[in-house]
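Reader: Hi! I'm in my first year and I get lost in big models. Could you pick one small spot, look at it closely with me, and then show me what surrounds it?

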Amino acid sequence: MNRQDPKKLIPKDQIRGIGRLFAWACATMCLTPLILVFAVSTTQVWQRGPWAGGFTLKYLVQGWNTISPYAWFSIKLAFLVLILNFIIGIPTSWVLARHRFPLRNFLFSLTNVPIAVPGIAMGLALIITYPLLRRNGFLLVAGHLLYTLPYFISSLTPQLSESSVQDVEWVAATLGANFPRRLIYVIYPKIRTSLLAATIMVVTLSMGEFNVSFFLFNPQNKPLPVELYSAYITGRIEVAAAITLCFLCFVVPAAILLERLGGAKVGNA
Amino acid sequence: MSRVVSPASLQFDQISFTYPGGKQAAIKDVFIDVKPGEIVVFVGPSGCGKSTLLRIAAGLLFPEKGRLIIDGEDALPLPPEKRRIGWVPQSYALFEHLNIAENVGFGLKMQKIPKHQRDEQVADMLKLCRIQDLAKRSVRALSGGQRQRVAIARALAVNPRILMLDEPLAALDPQLRIAIRADLEELLRESGVTTLFVTHDQSEALAVADKVVVLRDGQVEQIGTPDELWNFPANSFVAEFLSNAITASAMVAAEKSVVLAQKLACSINKECAVGKEVKLALRKDNFVISEQGIEGRIVFCEYNGGVYQMRVEVQDGLIIPVSSTRELPIGALISVDFNRETEISVVGI
C-alpha cells in the first residue's frame, strides 16, 4: 500500500477546511433569515425584542387562516399547470429528443425563451395581448404554463435523447412491445426520476411564482404569493412572518425532495 | 440442448438510407442475401453503415429505397414488433428495473404468453445461455459477459426468425472477448437461428462467420466465405482491412507468377497476361525470413503476442510484411523470401 507523505496532506486539508468554513458561512447566511422569521412569527410583540411578552402560535394560526384559501387555490393552480405540462411537455420533449427535422434546434431554443424573459415582461405581454382572458383565470394558467414549461421540457428532453433510453425502447419494440407498452414498461421506468424531478419543479415554481401572477390574477383567483405580498404591505410584521413560514412549509419540503432526486439521478448515472 | 426454431432467409434488395439531416447516404444500394441458419458478419470501419443495416432490418430505421425480404415476403411495411427479429445492441440495453428472469421473459410477456408457459420458456433459455443460476439477480450486478448472455437469452426467448448482434463483444476486455467469442458461436450454432453479426474486428469476423460482408461508406465491397475473402479479396481495401495486407504493383512474369523487387519470384492466385501490371495484396504469411531471399531493412517491428510483426523495405522501396518469433531491431538488414506454400492475392489489374 502506498503511504502518502503527511506533509503533502496539509495543503489539501487546508483547502478542505476553507471550503467547509465557506459552506458553513453560506448555510448560516441562508438559515439566519429563516430563524428570524420563526422568531418574529412566534413573538407577541416583535418591536420589543425576540419572544418579548412570551412565545405564541396565534400569528401562525391567524396567518394560516388568512392564506389558506389562497394556498388551496395555488395548489389547484399548480396541479392544473402540471397536468398541462404533462399534456404538452411530454410529446414536445419526445419530438425534440427523437426526431431530426429542419429548425429542430431553433424550436428547442424557442422553448427555452421564457426562461430568459423576466416574469414581469411575460405577464405584461400576456395581459396586453389577451386582456379579455384575464377575467376567467385562463390567462393566469397560461402565464404559469409558459413560465414552467421550459423547465419541464429541459428536464425531460436530455434524458429522452439518451441512447440508453432509445436502445431499451428499440429492444422492447423488437421483443413485440407496441408503443403504449414500451412507454409504460420500459421508457417510464427509465425516465421516472427525471419525470418526478420535473413534476416537483413545476409544482414548486408555480406555487412560488409572483411576477407573472401579479399581472394576471383577478380578485377571485388570487395565488398565494400575491396574497403574501398584500400581507407584507398591509399587515403586522408578525403576521407577515407567520404567513412566510406557512408558505415555506409548502415550498421547502418540495425543494429538498427535488435536491434529493437530483442527487439520486447523479448517483445513478 | 436444442430448440425448435424456424430460421428465416433475409434479403436486403437495393436498400438505400440517409439519416434525417444527413448530407450523405449512410447506405447505398445494398444487396445482401442471407440464407436460413447462416451466421453473416458485417465488417468494416466505423461509420460504414453496419449498425444502420441491422436497424433497417429490425424495423428501427426506414429506408428511402429498396426492399427487405424476409422468408420471401416484403417486411418493410411491418413495424419492429411484428417482424420477429431479435436485436442485441452494443450496450445490451438490459432493463435495469427488472431482474434477469424478468428481462428474459419480457418479450414473452409482451406476446401475452401464459405465466406458467413463460416461466418454462425462460428457464429453458437461461439454461441454453448457461445463466440459470442468475435468474433472480439484478442486472446491475452482472459482469460484461453475463450481461451479453442475458441480452442474447432475452432476444432468443421470443423465438426470433433472425437474430441481430451489434458489436456484441465490443464492451468486453480483450482476454474475455476471445473466450466468449467461441462460446457465443457455439450458442448461435446450437440455437440454429439466422444471425447477422456486426463487428469492426476482422479476426472476429473471420472466426465466427459463415459469410462475411465487407462494407465501406455504406456500400458492399465484397461478400464471401472467410476463406474466399482471405484468399481472393476483391480489392485492396478488403485485403488491407481483413488481413492487414500491403498493396504493391508488379509485372506478371509468367501466367501465375510475378517478380518482386526484380529478384523475388512469387506465385499469384490469378492467371494474368504476361507483361501486364497487377496490383497485389502482400500478406505476412506470403513471406518468410530466409537466407535465400532478397535483402531488406526492417522499418517497423511490433510485438504481437509471441510473434513480431515486421515490415521490411527491399529494393525499389517495396515494403514486405513478415513475421518472426524473435525480436529484430529496426534498421537491421535481413533476407526475406516468398513462402512457396502460399499465393499472393491479385486485387487489381
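Author: Sure, let's go to Asn244(B), which sits in the loop joining helix H9 (236–243) to strand E11 (246–254) of chain B. (Helices, H or I of at least four residues, and strands, E of at least two, are DSSP runs numbered from the N terminus.) Keep in mind that this is a predicted model, where local features need pLDDT of at least 70, side-chain atom pairs count only at pLDDT 80 or more, and totals for chains, interfaces and linings use all residues. Residues count from 1 along each chain as its sequence is written, while chains are lettered from A and ligands numbered from 1 in the order written.

So what's odd about our spot? Asn244(B) isn't a glycine, yet its phi is positive, near 50 degrees. Most residues other than glycine have a negative phi. Asn244(B) is partly exposed because 13 C-beta neighbours lie inside 10 Å (20 or more would be buried, 12 or fewer exposed, with C-beta atoms placed from the backbone).

Now hop over to Lys112(B), another non-glycine with a positive phi, this one about 60 degrees. Lys112(B) belongs to the loop between helix H3 (100–110) and helix H4 (115–128) of chain B. Around Lys112(B) there are 8 other C-beta atoms within 10 Å, so this lysine is exposed.

Let's zoom out to the chain that holds both loops. Chain B has nine helices and 19 strands, and its C-alpha trace spans about 75 × 45 × 40 Å along its principal axes. Of its 349 residues, 42% are buried. Taking the contacts in chain B with a separation of 6 or more, 67% join residues 24 or more positions apart (a contact has C-beta atoms, placed from the backbone, within 7 Å).

Chain B also has a neighbour. Where the two chains touch, 16 residues come from chain A and 19 residues from chain B. On chain A's side, H6 and H7 are the elements giving two or more residues, and H6(A) has the largest share with seven. That side of chain A includes nine nonpolar, four polar and three charged residues. (Nonpolar covers Ala, Val, Leu, Ile, Met, Phe, Trp, Tyr, Cys and Pro; charged covers Asp, Glu, Lys and Arg; the others, Gly among them, are polar.)
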